[in-house]
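Colleague: I'd like a close look at one part of this protein. Pick a stretch on the inside, please, and take me from there out to the surface.

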Amino acid sequence: MASCPMSKQHSDPNAPLLAARCPVAHGNDEGVNPLNNVPLNLSQSPNSNQSAVLSTKRETSTIPRALSADEANDTLDQHSSSNWVYPSPQQFFNALNRKGYQMPEDQMSTMVQLHNFLNEEAWAEVLDWERRWNPNSTSPPQLAQINGKPRELTYKARTLQWANWMMPSRFPVHRPFDRHDWIVRRETGELVRYIIDYYADEPDEEGNPAFILDVRPASDSLSSIQLKCRTAISGLWSSYLGSESKSKEV
């Protein structure tokens with residue numbers, strides 16, 4: 001479970017909470033960067049219908065970005081990379097406004113922090129999976145592409161929705177508020193797809209919003225299927241050894 005790291009910053013107890021939805025307006029229309037579905041050349045200038053001053057500071061992520069040969073200083077080293085850079089609050093506001101979303105300006109910084117936090121948590125999960133695939137890797141994987149698909153439920157999410165309808169007490173799972181497909185490049189050059197379902201969880205003890213990220217490789221390649229099977233078997237074996245250990249202690 002990922003707790004919201006910026007929720008304690010709100011000083012106004014009457015301020016409305018942000019709805020559980022992806023703060024980035026995904027799209028596949030013209031003028032959109034195909035690598036992350038964010039509009040190209042987002043302006044840092046205030047919008048015409050904007051009343052508050054928003055920060056133009058952009059945070060650099062910890063996520064390595066896979067670059068093409070041309071991007072990597074016009075060299076042929078396709079393994080060169082820099083890190084992904086998150087949009088500023090002003091760019092977020094302009095992107096949302098461009099898509100027709102009317103969002104509170106005073107919550108824009110919180111939305112950016114939330115977006116960045118969830119991305120970092122998702123990448124940490126990807127790294128855990130990749131370490132299981134190749135624990136001896138000397139070069140970290142790189143994120144090559146981000147596809148936002150908030151309206152497309154994954155097969156797993158559909159199954160959990162059906163299970164919740166059949167047995168709500170056993171499967172108290174709500175519809176995910178967002179879905180991402182990430183294309184990750186391994187040090188070998190292999191491209192693997194990861195699926196991320198984002199769920200809103202119950203608030204923590206202090207009333208702060210919390211989230212659940214379901215990150216796993218897509219079952220569309222032999223290596224990903226092998227990784228998922230290996231992880232499942234390892235989990236079952238660890239569970240069995242743990243149970244056996246407890247029985248011996250008794």
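Modeller: What follows starts with one strand and works outward through its surroundings.

A word on the ground rules before we go in. This is a predicted model, where local features need pLDDT of at least 70 and side-chain atom pairs count only at pLDDT 80 or more, while totals for chains, interfaces and linings use all residues. Residues are numbered from 1 along each chain as its sequence is written, and side-chain values use heavy atoms, with hydrogens and water left out.

The protein has four helices and nine strands; these are DSSP runs numbered from the N terminus, with helices being H or I of at least four residues and strands E of at least two. In sequence order the pattern is β-β-β-β-β-α-α-β-α-β-β-β-α. Of the 250 residues, 39% are buried. Buried here means under 20% relative accessible area, exposed means over 50%, and partly exposed is in between (1.4 Å probe, protein chains only).

The part I'd pick is strand β9, residues 210-217. Seven of its eight residues are buried, so the rest of the structure largely encloses this strand. Its partner is β8 (residues 191-201), which runs antiparallel to β9 and is joined to it by eight bridges; two strands count as paired if DSSP finds at least two bridges between them. One place to see the pairing is D197, whose bridge partner in β9 is D214.

Next along β9 comes V215. V215 has a relative accessible area of 7%, so this residue counts as buried. Skipping neighbours within four places in sequence, V215 contacts A122, E125, V126, W129, Y194, I195 and I196, where contact means heavy atoms within 4.5 Å. Y198 sits 17 residues from V215 along the chain, and their C-alpha atoms are 8.7 Å apart.

Y198 also leads us into the largest nonpolar core, which has 23 residues; L118, L143, W182, Y194 and Y198 make the most contacts inside it. A nonpolar core is a set of buried Ala, Val, Leu, Ile, Met, Phe, Trp, Tyr and Cys residues joined through side-chain atoms within 4.5 Å. At least two residues of this core come from each of α2 (108-133), β6 (142-148), β7 (178-185), β8 and β9. Helix α2 gives the largest share, seven residues. In soluble globular proteins, nonpolar side chains tend to be buried together.

If you want to click on one core residue, try L118. Not counting residues up to four places away in sequence, L118 touches F177, Y198, F211 and L213. A separate core of seven residues lies apart from this one, and its members include F93, M108, M111 and V112.

Right beside L118 in sequence is N119, also in α2. N119 is at 6% relative accessibility, so it is buried too. With neighbours within four places left aside, N119 contacts I63, Y86, H180, W182 and Y198.

Now for the charged groups. Across the whole structure there are eleven salt bridges, each a side-chain nitrogen of Lys or Arg within 4 Å of a carboxyl oxygen of Asp or Glu. In one of them D181 pairs with R193, with the closest N and O atoms 2.8 Å apart. D181 is in β7 and R193 in β8, twelve residues away, so to speak a link between distant parts of the chain. D181 is buried at 1% relative accessibility, whereas R193, at 23%, is partly exposed. Both belong to a salt-bridge network that also takes in K149, R179 and D220.

Helix α2 has a salt bridge of its own, D128 to R131, at 2.5 Å between the closest N and O atoms. These two are three residues apart in the helix, so about one helical turn separates them. D128 is partly exposed at 31%, as is R131 at 48%.

Last stop, the outside. W162, W165, M166 and M167 make a nonpolar surface patch with about 530 Å² of accessible area together. W165, in helix α3 (residues 155-166), is exposed at 66% relative accessibility.

Definitions and conventions. Patch = residues over 30% accessible without salt bridge, like charges linked within 9 Å, V, L, I, M, F, W, Y side chains within 5 Å. Areas by Shrake-Rupley, 256 points an atom, 1.4 Å probe, with all protein chains shown as cover.
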